[in-house]
Amino acid sequence: MKIVACYSIKGGVGKTATAINLAYAAAQDGLRTLICDLDPQGASSYYFRVRPSTKLKADTFFTRRDRLVRNIKGSDYPRLDILPANLAYRDFDQMLAGMKKSRLRLSQLLHSLSDEYDLVVLDCPPNITILSENIFHASDQVVVPVIPTTLSQRTFSQLLGFYKESNLKRKSLLPFFSMVEQRKRMHNEVRQDMRKAYKRFLQSEVPYSVDVENMGVTREPLLVTQPRSPAALAFTQLWRELKQRSNGVSQGELKGAKDGD
Ligand SMILES: Nc1ncnc2c1ncn2[C@@H]1O[C@H](COP(=O)(O)OP(=O)(O)OP(=O)(O)O)[C@@H](O)[C@H]1O
Ligand SMILES: [Mg+2]
């Protein structure tokens, strides 16, 4: 089983939009997929038209696997299930702080579902907390949407610094540009700078698009409602790129192989 987190310290950067479309793409690709909503806001639960689970509290989430499994709901799509969030998840950090092996609890819990699922996609809340550290330890790939602005550049450096200090595997940290507007000079300059500074930046870029905003109205993945739209194609490309990376092949290597290098 693989675990992919959609994570950023920053809010409103496209984590949920990405998690939903990646999870859908993976399920379409034949993987038994669970999207795990870790954000008390419950946005991905809302997009999938699933009611919040009021019974699953922050403490039972980590200690009662049976209750957690009972709270997993089917979605409208084959092979795609969802574990919805609720407001009680705001107490995760307080709970985790009092537990032994407090940074490894999420990893242990999710791996206990490995007979049922091939992939877990985590929709993460914005911030950097003990829950975030659990997310870093649990995930094979931490996908970070970055809006190309100087402030995002700074926040991404903070995240890299945290990984370094905490001896976490920086290889698993995979940023990509989100809400890209080609006509903005700052977006173009920041993209160039950040690609130079961080070689593992994913090639896929998701454009700024009202189609993504409209997901709040349709409450379906963009890949369902407008699969040929530029943003949907970008999410599909992002999923392919993640698959290639998890097989140890980068886009550059693929291109090199095609070019006969
Ligand atoms: N590529 C995009 N183009 C235009 N709007 C977008 C795009 N991606 C996301 N949005 C919109 O921006 C807002 C924030 O997106 P989203 O909820 O995915 O971000 P988030 O990082 O999960 O936010 P939060 O930190 O609050 O959980 C939403 O209204 C969403 O519709
Ligand atoms: Mg979100």
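## Cysteines, sheet and ligand shell

The sulfur of C36 is too far from any partner for a bond, because the closest cysteine sulfur, that of C124, is 8.6 Å away, while a disulfide requires two cysteine sulfur atoms within 2.5 Å. This is a predicted model, and the structure holds zero disulfides. C6 is likewise in no disulfide, its nearest cysteine sulfur being that of C124 at 7.0 Å. C6 is also buried, with a relative accessible area of 0%. For C36, too, the relative accessible area is 0%, and this residue is buried.

A good next stop is the sheet that holds these two cysteines. Eight strands form an open sheet with mixed pairing, and reading across it gives the order β3-β4-β2-β5-β1-β6-β7-β8. At the edges stand β3 (73–74) and β8, each with a single partner strand, so one side of each has no neighbour in the sheet.

C36 belongs to strand β2, which covers residues 33–37 and has five of its five residues buried. The cover extends to both faces of β2: T33, I35 and D37 are buried on one side, and L34 and C36 are buried on the other. Strand β2 pairs with β4 (residues 80–83) in the parallel sense over four bridges, and within this pairing I35 stands opposite I82. With β5, strand β2 again pairs in the parallel sense, here over five bridges. The bridge partner of T33 in β5 is L119.

Strand β5 (residues 119–123) also runs parallel to β1 (residues 2–6), and five bridges join the two. One of the matched pairs is V4 with V121 of β5. Moving on from β1, three bridges lead to β6, again with the strands running parallel. Here C6 reappears, with V143 of β6 as its bridge partner.

Strand β6 (residues 141–146) is mostly covered, and six of its six residues are buried. As in β2, residues are buried on both faces: Q141, V143 and P145 lie on one side of β6, with V142, V144 and V146 on the other. Five bridges then join β6 to β7 (residues 173–180), and these strands run parallel. In this pairing, P145 stands opposite F176 of β7.

The remaining part of the picture is the site of ligand 1. Ligand 1 is surrounded by 17 residues, and the closest are G12, K15, T16, A17 and S209. By character, the residues of the shell divide into eight nonpolar, six polar and three charged.

Several polar atoms of the protein approach ligand 1. A polar backbone atom of G12 lies 2.9 Å from an oxygen atom of ligand 1. From Q41, a polar side-chain atom lies 3.3 Å from an oxygen atom of the ligand. P207 contributes a polar backbone atom, which is 3.0 Å from a nitrogen atom of ligand 1. Taken alone, ligand 1 exposes 630 Å², and the protein buries 83% of that.

Three elements give two or more residues to the shell around ligand 1, namely α1 (15–28), β8 (205–207) and α10 (210–213). The largest share comes from α1, with three residues. Strand β8 links the two parts of this description, as β8 contributes to the ligand shell and also stands at an edge of the sheet.

Notes. Residues are numbered from 1 along each chain as its sequence is written. Chains are lettered from A and ligands numbered from 1 in the order in which they are written. This is a predicted model: local features need pLDDT of at least 70, side-chain atom pairs count only at pLDDT 80 or more; totals for chains, interfaces and linings use all residues. Side-chain values use heavy atoms; hydrogens and water are left out. A residue is near a molecule or strand if one of its heavy atoms lies within 4 Å of it. A polar contact is a pair of N or O atoms within 3.5 Å; within protein, one must be able to donate a hydrogen and the other to accept it, and residues adjacent in sequence count only if both atoms are side-chain atoms. Accessible areas come from the Shrake-Rupley method with a 1.4 Å probe; for residues, only the protein chains shown count as cover. Ala, Val, Leu, Ile, Met, Phe, Trp, Tyr, Cys and Pro count as nonpolar, Asp, Glu, Lys and Arg as charged, and the others, Gly among them, as polar. Buried means under 20% relative accessible area, exposed over 50%, partly exposed in between (1.4 Å probe, protein chains only). Two strands pair if DSSP finds at least two bridges between them.
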